[in-house]
Amino acid sequence: MCGIIGIVSGSKEDIVSSVIEGLSKLEYRGYDSAGIAVLSDGNLQRRRAVGKLENLENKLEEDPINGTVGIGHTRWATHGKPTEENAHPMMTKDVALVHNGIIENYKSLKDSLITQGYNFTSQTDTEVVAVYMQSCIDKGSSPREAFRQMLKVVEGTFAFVAIFKSVPNKIFCAKNKSPIVIGFGKNMCVGSDASSIAGNCDEVVYLSDGEYAEVTEHDAIFFDENFCEIKKERQKVTDDLINEGLGQYPHYMLKEIMEQPNAVRKTIVANEIPVDLLKNVSRILILACGTSYYAGMVARYWFEKYLKIPTNVEMASEYRYRFPVIENGTLVIGITQSGETIDTLEAMEYARSTNSNCRVLAISNVKNSAIARSADVVFYTEAGVEIGVASTKAFMAQLTVLAMIAFHDRPEVLNELRNFPNICDDILSSVNDEIENLAKNLYSAQSIIYLGRDSLYPIALEGALKLKEISYIHAEGFAAGEMKHGPIALIDDNLPVICLCPSCDVFDKMVSNIQIAKARGKNVIVFTDSIGNETFGDDFKKIVLPNICQECVPLAYVIPMQLLAYKVAVLKGEDVDKPRNLAKSVTVE
Ligand code: G6P
């Protein structure tokens, strides 16, 4: 989380606008506050503002700065509230620094610096790093020595980008766990991801943990953890990194919902399941977080039912801290849109280090992401850049890859999957008005329950997550059969209950659960197909979707859940693409 950017330019013309442009592409990583520092003729200058990037832009318009090298930051607060004092860059007399990550030993470093007479103006862990480098310079170190000494003492996760007053046109950057990409092009630049700097460069280098780089106007040199110079391979910037903007849509989330047919199509074309992928695999372990975790939950139903392979799906953040045992023959699958969620990355590494015989597969939407680079095999979802914090098309593409694995030897299902983009288009155009009306009915609700069974249970969870994260209405998903063990106590005439009920194996059971809910509350809304339409009387609110093969129902039923959450949030006037407190890419544990 937190987006960081740095640009070295020969001229003073456009450094601030280039940094701002980079930050605008990184706001998905956090938007509690933003800041920029530039170096011009030996002067460090800085502007910071609380809230979204536009506040910083306004400030810069009123009080401009300029320089030939600049660094910028968009923050997702960890240590210290989102105030201007806590906004990055952190600056001392001689150094300005932006940071993504958490410095775990900041307290002891801070205490020692206070004893030496240094003052602090923020509550952040990051300021300690800047002040530590200042203390090195005060003791006679050069900026390079100060940066290296700092790297030896800090513990935790970080991507650092620093500029020093006495070093014109040079950026120092280093990485441990949090991402840093260095771009070569018309300007030399660094960023938290490749798409933030793609407009400025043709080639990129991904720093690895422990490495650091010194980036100058036309080149960069790289060092390993012992500060020995190393060579790094450059990679071409590809088109899929380019964010094409909103186009005709008012929000990225809506655009991305509408792009789902294409996401499925492209993902199918781009991936081929190797014939030996499941050879000697006796167990599958899926590791993921958030929406990606729900994709994994859907896959578990498929893998166990159709492949007959015992499958566990685990929340990555919990998984490695219970020190689980990994059996031989386990295929570990990490699912991640960003490819950099730290909990998922660490959980996958834990699995590999516990049993070196297991194979590790990553399903990622971002090429060359940390998780993709750490895996033995990668399947890329071809959803394209996803900007909306609430994941939609990436989830759909994840389900597509997982279905391709689950049904690799069932051509009839693969055909249905190939046809799914057309069904997806149908659903998007046919349910829009009904969902709009439903949103009008629901947007003033205090709380909403989602029910599903089998592979629709994770979709109930995903529907509830989508709603709560962007509309701030409390929502919970339950396995419909579990409702009678507690959640049923919540149901009354005021509680909307959304039920996912396609006519598949558990249809009759689900119908009974819905009747039980209806006997206790009048606001029961059923998403079903033509069979369900006949089954449920006119006293039910129904939204009827096309009849779909049961293997594909999770892909189909998540679409109205996404649209509903979107429309409710819009009606409530919320910032759909940048919901409060959230960030799209989560690189803190
Ligand atoms: C954040 C995002 C979610 C995402 C989750 C996991 O919470 O807001 O949309 O599902 O991280 O991210 P990943 O990139 O690993 O899929």
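**Exercise 1. Determine whether Thr74 is buried or exposed, and describe its surroundings.**

Step 1. Thr74 has a relative accessible area of 1% and is therefore buried (buried means under 20% relative accessible area, exposed over 50%, partly exposed in between, with a 1.4 Å probe and protein chains only). The model is a predicted one, in which local features need pLDDT of at least 70 and side-chain atom pairs count only at pLDDT 80 or more, while totals for chains, interfaces and linings use all residues. Residues are numbered from 1 along each chain as its sequence is written, and side-chain values use heavy atoms, with hydrogens and water left out.

Step 2. Thr74 is in strand S4, residues 69–75 (helices, H or I with at least four residues, and strands, E with at least two, are DSSP runs numbered from the N terminus).

Step 3. The Thr74 side chain lies 2.6 Å from the backbone oxygen of Gly30. This is a polar contact (a pair of N or O atoms within 3.5 Å; within protein, one must be able to donate a hydrogen and the other to accept it, and residues adjacent in sequence count only if both atoms are side-chain atoms).

Step 4. Leaving out residues up to four places away in sequence, the contacts of Thr74 include Cys2, Leu23, Gly30 and Tyr31 (contact means heavy atoms within 4.5 Å).

**Exercise 2. Place Ile15 in its helix and find what it touches.**

Step 1. Ile15 belongs to helix H1, residues 15–24. With 0% relative accessibility, Ile15 is buried.

Step 2. Between Ile15 and Gly67 there are 6.5 Å in space, C-alpha to C-alpha, against a separation of 52 residues in sequence.

Step 3. Gly67 is also among the residues that Ile15 touches, as are Ile7, Val38 and Val69, not counting residues up to four places away in sequence.

**Exercise 3. Locate Ser391 and identify its side-chain polar partner.**

Step 1. The loop between strand S20 (377–380) and helix H13 (393–406) holds Ser391. Its relative accessible area is 9%, so Ser391 is buried.

Step 2. The side chains of Ser391 and Glu386 form a polar contact of 3.0 Å.

Step 3. Beyond four places in sequence, Ser391 touches Thr291, Glu386, Glu462, Lys466 and Lys584.

**Exercise 4. Describe the largest nonpolar core and the domains that it draws on.**

Step 1. The largest nonpolar core contains 90 residues, and Trp302, Phe303, Phe420, Tyr450, Ile498 and Phe527 have the most contacts inside it (such a core is a set of buried Ala, Val, Leu, Ile, Met, Phe, Trp, Tyr and Cys residues joined through side-chain atoms within 4.5 Å).

Step 2. Helix H19 (residues 553–571) is the largest contributor to this core, giving 13 residues. At least three residues come from each of domain 2 (248–423) and domain 3 (431–583), with domain bounds taken from an automatic or database domain assignment.

Step 3. Leaving aside neighbours within four places in sequence, Ile498 is in contact with residues including Tyr450, Phe527, Met561 and Leu564.

Step 4. Between the two domains, 32 residues of domain 2 are in contact with 32 residues of domain 3. The C-alpha centres of domain 2 and domain 3 are 24 Å apart.

**Exercise 5. Work out how the ligand is held by polar pairs and how much of its area is buried.**

Step 1. An oxygen atom of the ligand lies 2.7 Å from a backbone N or O atom of Gln337. For the side chain of Thr341, the distance from an N or O atom to a ligand oxygen is 2.5 Å. A backbone N or O atom of Ala583 is 3.2 Å from an oxygen atom of the ligand.

Step 2. The ligand alone exposes 390 Å², and the protein buries 90% of that (areas by the Shrake-Rupley method with a 1.4 Å probe; for residues, only the protein chains shown count as cover).
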